[in-house]
Amino acid sequence: MKTLIILLLCSVIALPIKAQRYITKNGFISFYSHTPLEDIKADNNQVASIFDSSTGELVFQVLIKSFHFEKALMEEHFNENFMESDKFPRSEFKGRVINISAVDFEKPGIHEVNVEGDLTIRDVTKQITTRGTIEILNGSLDARAKFIVSPEDYGIKIPAVVRNNIARTIEVTVIMKYSLM
Amino acid sequence: MRNISKILIIILLFLVVTGAAVVVYFYTLRAGDLRSVNPDHIISSTELVKEFEENETVANSKFVNKIIEVTGKIESINQIESEGLNISLEAENRVSAVICTLADGEDIEGYEPGQEITIRGECSGYLMDVLINRGIIVSEEPI
């Protein structure tokens, strides 16, 4: 669907003339749930993201079915019961780096950034704020962040039988290696 | 009478043990290796992208959750640290590509961009590209 690509591009709005846009289609997002009974980790290596270094705006999109788990049954429960991935196939984050003016993109090195924006999972949108880093490399960027989400906030109902196996809060790790568009 | 209760206890024990074994087996089952699985579709990367670009709804019902064997020219190889290895396959004259994340332990050695490769994997759907997961390389050598 070409419209999706156009939509993604349009999402990075209000571009000044000297717009510098970065893209990745191989971004990494994982989540981690820790309980005394079990640790659960799922990885997604197919995150699409566009970042505009002049405005700080950024967009991420993932397919829920691209999260892979170590155990087949976990992946099945995740898709069918918790995320209902046939009904809600995508998840999205739209936000911006709020201290973008403090980052000098001409200078290689690691910069601390503050990010805020809206995370949509299962058609439920909640605001997220987090800290992260952007490493400026030659023509590319390495962006990282970690934040916490609670499944309850997104209407994910965890059945009593597995409640003790799944943490109340899930740690989300984001690693993006952007290149210039 | 006593014999009957003994037999009943033995049957009950057998059922409990079997039940527990079945639960443990399914609970710990790992996502299967696709090497021994027959593909539902054998297709080129160009044709696969074309089907999704032309009608995503139809392509979703045809390909998503299905095992696809896709052949195409390697556009790029991407890896983030030790996490998952991605191979992008070109689709001629198309904006999108096919991105395949390889299964753990799968090795891309010997292949480089520009060469042809055949990957079998499970289709997750379409984002900016057609996405394939749990990929294994089935071509014997770079084409």
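**Exercise 1. Decide whether A:Gly56 is buried or exposed in this predicted model, and describe its surroundings.**

Step 1. The relative accessible area of A:Gly56 is 0%, and since a residue counts as buried under 20%, A:Gly56 is buried.

Step 2. To place the residue along the chain, note that A:Gly56 sits in the loop that joins strand 2 (39-52) and strand 3 (57-63) of chain A.

Step 3. Leaving aside residues up to four places away in sequence, A:Gly56 touches A:Phe51, A:Gly95, A:Arg96, A:Val97 and A:Ile100.

Step 4. One of these partners, A:Arg96, lies 40 residues from A:Gly56 along the chain, and the C-alpha atoms of the two are separated by 5.0 Å.

**Exercise 2. Work out which elements make up chain A, and what share of its residues is buried.**

Step 1. Chain A contains 2 helices and 9 strands, and from the N terminus on these elements follow the order α-β-β-β-β-α-β-β-β-β-β.

Step 2. Of the 181 residues in chain A, 53% count as buried, while its accessible surface comes to about 9,100 Å², with 54% of that belonging to carbon and sulfur atoms.

Step 3. Among the contacts in chain A with a separation of 6 or more, 60% are between residues 24 or more positions apart.

**Exercise 3. Determine how the radius of gyration of chain B stands against the globule rule.**

Step 1. Begin with the elements: chain B has 3 helices and 6 strands, arranged along the sequence as α-β-α-α-β-β-β-β-β.

Step 2. The radius of gyration of chain B is 22 Å, whereas the globule rule gives 15 Å for 143 residues, so chain B is more spread out than a compact globule.

Step 3. The box filled by the C-alpha atoms of chain B, taken along the principal axes, is roughly 80 × 35 × 25 Å.

Step 4. Of the residues of chain B, 40% count as buried, and the chain exposes about 8,200 Å², of which carbon and sulfur atoms supply 56%.

Step 5. For the charges, chain B carries 11 positive and 23 negative side chains, and the centres of these two sets lie 16 Å apart.

**Exercise 4. Find which element of chain B has the lowest mean pLDDT, and which the highest.**

Step 1. Chain B has a mean pLDDT of 91, and 96% of its residues reach 70 or more.

Step 2. Among its elements, helix 1 (residues 2-28) of chain B has the lowest mean pLDDT, at 85, and strand 1 (residues 41-44) of chain B has the highest, at 98.

Step 3. For the complex, the predictor gives an ipTM of 0.85 and a pTM of 0.85.

Key. Residues numbered from 1 in each chain as written. Chains lettered and ligands numbered in written order. Heavy atoms only, no water. Helix = DSSP H or I, 4+ residues; strand = E, 2+ residues; numbered from the N terminus. Rg over C-alpha atoms; globule rule 2.2 N^0.38 Å. Buried < 20%, exposed > 50% of the residue type's maximum accessible area, 1.4 Å probe, protein only. Areas by Shrake-Rupley, 256 points an atom, 1.4 Å probe, with all protein chains shown as cover. Lys, Arg positive; Asp, Glu negative; His and termini not counted. Charge placed at Lys NZ, Arg CZ, Asp CG, Glu CD. pLDDT = per-residue confidence, 0-100. Contact = heavy atoms within 4.5 Å.
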